[in-house]
Amino acid sequence: MEQKRESDMTKKEKRQLEIRKLKAMSTGGKIEYIWMYYKVWFAAALLAAAAVYLGTAMYQGSKANVVVSVVIVGGNAQDTDKLDKLEREIKEYLHADEKHDTVRIQANISGEDDTSASETALTTLIGANSVDVLICPEEVYVKYKEQCGFDGDALVLANEGAIKELVDVQYDEIYAGIPVNAQHKQAARQVLELLNDIDNMWK
């Protein structure tokens with residue numbers, strides 16, 4: 001019996017042929033075969049998933065009401081428990097209890113010396129009016145203070161006790177200041193009050 005060419009086969013016959021080919025292959029061969037024939041569909045599925053995720057994030061971001069934005073230089077971005085606790089403390093202090101009220105905390109700016117990428121990231125955030133409270137070591141505060149980058153003086157706290165537990169940085173003294181172009185200055189002042197109250201309670 002003359003064997004049909006693949007181009008002459010029906011869809012059902014093509015599927016059966018693919019199954020027979022796969023059964024005759026090793027595990028590695030099966031993976032390579034599936035990847036060669038279906039990689040376009042895999043890529044399309046990944047792109048679709050990414051588009052859905054991005055769309056959802058953009059939608060949620062558009063609805064969020066950012067009440068205050070805090071940047072912690074040299075913070076521990078991996079310790080989400082402490083960051084969540086700090087966020088809850090700030091929201092409670094500000095009475096930010098509406099559904100879309102958001103306290104934005106960024107702790108992924110490196111506090112190491114001579115880190116140009118982190119310095120650029122921080123300068124960009126401040127320049128974009130995206131920082132209401134900057135928590136940083138003395139050298140970072142002094143640098144921006146010399147450029148008239150802060151509204152008033154910083155709150156200076158020893159990195160110990162309840163503050164150390166809440167903020168989680170490695171430098172000995174914590175400087176908390178409000179950039180001159182902060183968008184939520186009233187809320188930022190309240191955040192400094194909260195930090196000062198926590199420090200006083202520990203003492």
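This short talk walks through the fold of one chain, its central sheet, and a few side chains within it. Please keep in mind throughout that we are looking at a predicted model.

Let me begin with the overall layout. The chain has 203 residues, and 31% of them count as buried. Its secondary structure consists of seven helices and five strands. Followed along the sequence, these elements appear in the pattern α-α-β-α-β-α-β-α-β-α-β-α. As for contacts, if we take those with a separation of 6 or more, 68% are between residues 24 or more positions apart. The accessible surface amounts to about 13,400 Å², and carbon and sulfur atoms contribute 53% of that area.

I turn now to the sheet. In what order do the strands of the open sheet lie? The order is S2-S1-S3-S5-S4, and the pairing is mixed. At the edges we find S2 and S4, the latter covering residues 155-158, and each of these pairs on one side only. On average, neighbouring strands in the sheet are turned by 20° against each other, with direction ignored.

As a general reminder, the strands of a sheet pair through backbone hydrogen bonds, and the pairing may be parallel or antiparallel. Both senses can be illustrated here. S1 and S2 are parallel and share seven bridges; in that region, Val66 stands opposite Thr102 of S2. S4 and S5, by contrast, run antiparallel and are joined by four bridges, with S5 spanning residues 173-177. Val156 has Tyr175 in S5 as its bridge partner.

Two helices that pack on this sheet deserve attention. Helix H4, residues 116-127, touches S1 (65-73), S2 and S3 (133-136), and its direction makes about 155° with that of S2. Helix H5, residues 138-146, touches S1, S3 and S5, and here the angle with the direction of S3 is about 135°. Strand S1 is thus touched by H4 and also by H5. Is S1 enclosed or open to the outside? Eight of its nine residues are buried, so S1 is largely enclosed by the rest of the structure.

Next, I would like to look at a single residue, Ile109. Ile109 belongs to strand S2, which runs over residues 101-109. Is Ile109 buried or exposed? Its relative accessible area is 6%, and because buried means under 20%, Ile109 counts as buried. Which residues does Ile109 contact beyond its neighbours within four places in sequence? They are Val71, Ile72, Val73, Gly74, Gly75, Ser118, Ala121, Leu122 and Leu125. The C-alpha atom of Ile109 is also 9.2 Å from that of Asn76, a residue 33 positions away along the chain.

Finally, the aromatic residues. The structure contains two aromatic pairs. One of them, Tyr141 with Phe150, is tilted, with 4.6 Å from centre to centre and 35° between the planes. Both partners are buried: Tyr141 has a relative accessible area of 7%, and Phe150 likewise has 7% relative accessibility. Ring pairs link Tyr141, Phe150 and Tyr175 into a cluster. Tyr175 will be familiar from the sheet, as the bridge partner of Val156. A further aromatic ring, that of Tyr144, has the charged end of Lys143 over it, 6.0 Å from the ring centre.

To close, I would leave you with three points on this predicted model: a mixed, open sheet of five strands, a strand S1 with eight of nine residues buried, and a cluster of Tyr141, Phe150 and Tyr175 linked by ring pairs. Thank you for your attention.

Technical notes:
Residues numbered from 1 in each chain as written. Predicted model: local features only at pLDDT ≥ 70, side-chain atom pairs only at ≥ 80, totals over all residues. Heavy atoms only, no water. Buried < 20%, exposed > 50% of the residue type's maximum accessible area, 1.4 Å probe, protein only. Contact = heavy atoms within 4.5 Å. Phe/Tyr/Trp six-rings, centres within 6.5 Å; stacked < 30°, edge-to-face > 60°. Lys NZ or Arg CZ within 6 Å of the ring centre and 35° of its normal. Areas by Shrake-Rupley, 256 points an atom, 1.4 Å probe, with all protein chains shown as cover. Pairing = 2+ DSSP bridges. Axes fitted to C-alpha atoms, helices over the stretch in contact; angles between N-to-C directions.
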